[in-house]
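Student: I should like to work through this structure by way of questions and reasoned answers. May we begin once the sequence and the coordinates are on display?

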Amino acid sequence: MTETTATTSVTSAPAVTPALSATAARGRGARIALRGVQVVLALFFAVASALPKLIAHASAAGTFDEMGWGNAGMYTIGVLELAGAIALLVPVLQSVAATALSGLMVGAFVVQLACFDGENAATPLILMVPLLLVAWARRGHNAELLRLIRR
């Protein structure tokens, strides 16, 4: 009596553990949330901050005249804020833009203390928190930017 055994091979996709799936979902959710923060920051810097300076709104013009910077300072800061807002949405520039806007916010904080008795000094500090978060989270793009610059 001869016994024959058949062997079958079943190929299936690797099993996804619930923990791995949850981690992937959290990572995706974090990326989406970070992108949302970047969009909100870009809108704030473009619309609420740069636009009044670039159209020489009375409130912006008065503030820069009071500081003694005049129209040149107002337009310069407006252009820097608008450029930073746009760069926050460009993947390879995100980290650098967030860092540069943070530096601008340090300057805004100092100006608030020196020229306006700290009246709105908390605003630039509050804006620095999400900016520095974006700069840190997107720091991986800096190596890619350096490669592009060195070409």
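Student: Is Trp 69 buried, partly exposed or exposed?

Tutor: The model is a predicted one. Trp 69 has a relative accessibility of 42%. Buried requires a value under 20% and exposed a value over 50%, so Trp 69 counts as partly exposed.

Student: With which residue does Trp 69 form an aromatic pair, and what is the geometry of that pair?

Tutor: The partner of Trp 69 is Phe 64, with 6.0 Å from centre to centre. Phe 64 is buried, at a relative accessible area of 7%. The planes of Phe 64 and Trp 69 are 55 degrees apart, and planes over 60 degrees apart would count as edge-to-face while those under 30 degrees would count as stacked. The pair of Phe 64 and Trp 69 is therefore tilted.

Student: How many aromatic pairs are there, and how are the rings of Phe 44 and Phe 45 arranged?

Tutor: The count comes to 2 aromatic pairs. In the pair of Phe 44 and Phe 45, the ring centres are 5.4 Å apart and the planes make 80 degrees. Since the angle is over 60 degrees, the arrangement is edge-to-face.

Student: Which of these two residues is buried, Phe 44 or Phe 45?

Tutor: Phe 44 has 31% relative accessibility and counts as partly exposed. For Phe 45 the value is 0%, which is under the 20% cut-off. The buried residue is therefore Phe 45.

Student: Which residue lies over the face of Trp 136, and at what distance from the ring centre?

Tutor: The residue over the face of Trp 136 is an arginine, Arg 139. Its distance from the ring centre is 4.2 Å.

Student: Is Val 134 buried or exposed, and which residues does Val 134 touch?

Tutor: Val 134 lies in helix α5, residues 122–137. Its relative accessible area is 0%, so Val 134 is buried. Leaving aside residues up to four places away in sequence, Val 134 touches Leu 34, Val 37, Gln 38, Leu 41, Leu 88, Gln 94 and Ala 98.

Student: Which residues form the nonpolar patch on the surface, and what is their accessible area together?

Tutor: One member, Val 47, has its place in helix α1, residues 18–54. The patch is formed by Val 39, Leu 43, Val 47, Leu 51, Ile 55 and Leu 89. Their accessible area together is about 530 Å².

Student: How many helices and how many strands does the protein chain have?

Tutor: From the N terminus on, the elements run α-α-α-α-α-α. The secondary structure thus comes to 6 helices and 0 strands.

Methods. Residues are numbered from 1 along each chain as its sequence is written. This is a predicted model: local features need pLDDT of at least 70, side-chain atom pairs count only at pLDDT 80 or more; totals for chains, interfaces and linings use all residues. Side-chain values use heavy atoms; hydrogens and water are left out. Helices (H or I, at least four residues) and strands (E, at least two) are DSSP runs, numbered from the N terminus. Patches are made of residues with over 30% relative accessible area and no salt bridge: like charges are joined within 9 Å, nonpolar side chains (Val, Leu, Ile, Met, Phe, Trp, Tyr) within 5 Å. Accessible areas come from the Shrake-Rupley method with a 1.4 Å probe; for residues, only the protein chains shown count as cover. A salt bridge is a side-chain nitrogen of Lys or Arg within 4 Å of a carboxyl oxygen of Asp or Glu. Rings of Phe, Tyr and Trp (its six-membered ring) pair if their centres lie within 6.5 Å; planes under 30 degrees apart count as stacked, over 60 as edge-to-face and the rest as tilted. Buried means under 20% relative accessible area, exposed over 50%, partly exposed in between (1.4 Å probe, protein chains only). A charge sits over a ring if NZ of Lys or CZ of Arg is within 6 Å of the ring centre and within 35 degrees of the ring normal. Contact means heavy atoms within 4.5 Å.
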